[in-house]
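Q: I should like to learn how to read a model of this kind, feature by feature. Where should one begin?

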Amino acid sequence: MNEKRWLVTGAAGFIGSHLLEALMEAGQDVVGLDNLSSGYARNIEAALGKRASGASFEFIEGDIRDIAVCERACRNVNVVLHHAAYVSVPGSLADPALTHAVNVDGFVNVLQAAKNAGVRRFIYASSSAVYGNCAKLPSREEDAALAKLLSPYALTKAVNELYAAAWSGIYASLQCVGLRYFNVFGARQDPNGPYAAVIPRWIDALKNGAPVTIYGDGTSSRDFCYVKNVVSANMLAAYASGDVSGQVFNIACGEKTTLNELFSVLKNRFDKQAKECVYEPFRAGDIAHSFASIERARSYLNYKPIYSLENGIKDME
Ligand SMILES: NC(=O)c1ccc[n+]([C@@H]2O[C@H](COP(=O)([O-])OP(=O)(O)OC[C@H]3O[C@@H](n4cnc5c(N)ncnc54)[C@H](O)[C@@H]3O)[C@@H](O)[C@H]2O)c1
């Protein structure tokens, strides 16, 4: 790696802490920025466990809604991996103003601070939520449609993409790359709380003999992507040639798994005696199917998923 100084926003979160861990293993200098609203100090401690000699880490406990904090965090940074966000889809329906403040105002603060500090590349987490209920599958990057969005969370991610594309055009020195993640899973993902993601929640339930709840009839499907694939996508995006600037890329496995299939994979692995799952009505804002085309990421970033769903689940244990 020839970059030396990185900023990871959301470093105490699930994905951010895996990015931090990989950078520490590679002996890099990293600034982590997080307000610990949905992340944990223990995630940072775990990520620092594999620190190689020469690696350094500075933690700023602060809020991306504060421009002064963003300016301090971006000082002397070469690459920003922006992952801090208000991440809950149902939560965004309950509090769209908070979602906007963190995900749009906060995003613009980090983007502008990066531009002013002379950052070379600004990589940011977008989401498969930008496809909303677009019926065309597999989703290709050009298919995202504002009219199909299902939540304020999805809207803020779509707005991020507009800002990043515009900033890349206006300021040639700042190269922005968006990564649209599809259902990421892995260690350190919080299984608790009403908005927890499905894989950690179900593993937790199966390990504790608790019932597993499926929203809908279980035929809805997701493209589950192990977090180590996401880390690799960020590193590839940091070093890909300049024609990626202003673009967005799906980051997924390019495979669909129904929730019923997922339940059977997890049941076989964690509790073969588990009772059948409980079905409840769909939640507002949930997408029926998500399934990515990863051709664009393959061709521009040389991305390929290293872990399948099953291999990712094995690697977590
Ligand atoms: N996990 C997924 O499946 C998935 C899918 C699509 C997109 N994403 C995106 O990836 C990014 C990381 O998600 P995650 O799953 O690791 O979630 P996470 O909640 O574990 O991480 C988000 C981090 O951002 C921090 N944060 C929130 N508001 C902040 C603020 N105002 N200032 C500073 N820090 C703040 C939180 O404390 C947390 O540590 C997010 O942008 C999310 O939208 C995740």
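Q: Which element gives the most to the shell around the ligand?
A: This is a predicted model. In such a reading, one assigns the residues around the ligand to their helices and strands. Here strand E5 contributes the most to the shell, with three residues.

Q: Which residues come nearest to the ligand, and how many residues are around the ligand?
A: The shell holds 28 residues, of which Phe14, Asp34, Ser38, Tyr153 and Val184 come nearest to the ligand. By class, the shell divides into 13 nonpolar, eleven polar and four charged residues.

Q: Which atoms lie 2.8 Å apart where Val184 meets the ligand?
A: One looks for pairs of N or O atoms within 3.5 Å, the cut-off for a polar contact. At Val184 the pair consists of a backbone N or O atom and an oxygen atom of the ligand. Lys157 instead offers a polar side-chain atom, 2.9 Å from an oxygen atom of the ligand. At Asn35 a polar backbone atom lies 3.2 Å from a nitrogen atom of the ligand.

Q: What area does the ligand expose when taken alone, and what percentage of that does the protein bury?
A: Taken alone, the ligand exposes 820 Å², and the protein buries 92% of that. Two or more residues of the surrounding shell come from each of helix H1 (14–25), E5 and helix H6.

Q: How does one read the connection of E5, H6 and E6?
A: One follows the path from a strand over a helix to the next strand and notes its handedness. E5, H6 (residues 152–170) and E6 form a β-α-β unit that is right-handed. E5 (residues 121–127) pairs with E6 in the parallel sense, over seven bridges, and Ser127 of the pair stands opposite Tyr181.

Q: What is the partner strand that five bridges join to E6?
A: That strand is E11 (residues 247–251), which runs parallel to E6. Within the pairing, Arg180 has Asn250 as its bridge partner, while Leu179 is matched with Phe249.

Q: Why can E6 be called largely enclosed by the rest of the structure?
A: Burial is judged residue by residue, with under 20% relative accessible area as the cut-off. In E6 (residues 175–181) seven of the seven residues are buried, so the strand is largely enclosed by the rest of the structure. Both faces take part: Gln175, Val177, Leu179 and Tyr181 point one way, Cys176, Gly178 and Arg180 the other way, and all are buried. E11 is likewise largely enclosed, because five of its five residues are buried. Gln247, Phe249 and Ile251 point one way from E11, and Val248 and Asn250 the other way.

Q: How many of the residues of strand E1 are buried, and which strands pair with E1?
A: Four of the five residues of E1 (residues 5–9) are buried, and the strand is mostly covered. E1 pairs in the parallel sense with E2 (residues 29–34) over five bridges, and with E4 (residues 79–82), also in the parallel sense, over four bridges. Leu7 stands opposite Val31 in E2, and Trp6 has Val79 in E4 as its bridge partner. E1, H1 and E2 make a right-handed β-α-β unit.

Q: Where does Asn116 lie, and what is its relative accessible area?
A: Asn116 lies in helix H5 (residues 96–117) and is partly exposed, with a relative accessible area of 49%. Its side chain makes a polar contact with the side chain of Lys115 at 3.0 Å.

Conventions. Residues numbered from 1 in each chain as written. Predicted model: local features only at pLDDT ≥ 70, side-chain atom pairs only at ≥ 80, totals over all residues. Heavy atoms only, no water. Buried < 20%, exposed > 50% of the residue type's maximum accessible area, 1.4 Å probe, protein only. Pairing = 2+ DSSP bridges. Right-handed = clockwise from strand over helix to strand, strands pointing away. Near = heavy atom within 4 Å. Polar contact = N/O pair within 3.5 Å; in protein donor to acceptor, adjacent residues only side chain to side chain. Areas by Shrake-Rupley, 256 points an atom, 1.4 Å probe, with all protein chains shown as cover. Nonpolar A, V, L, I, M, F, W, Y, C, P; charged D, E, K, R; others polar.
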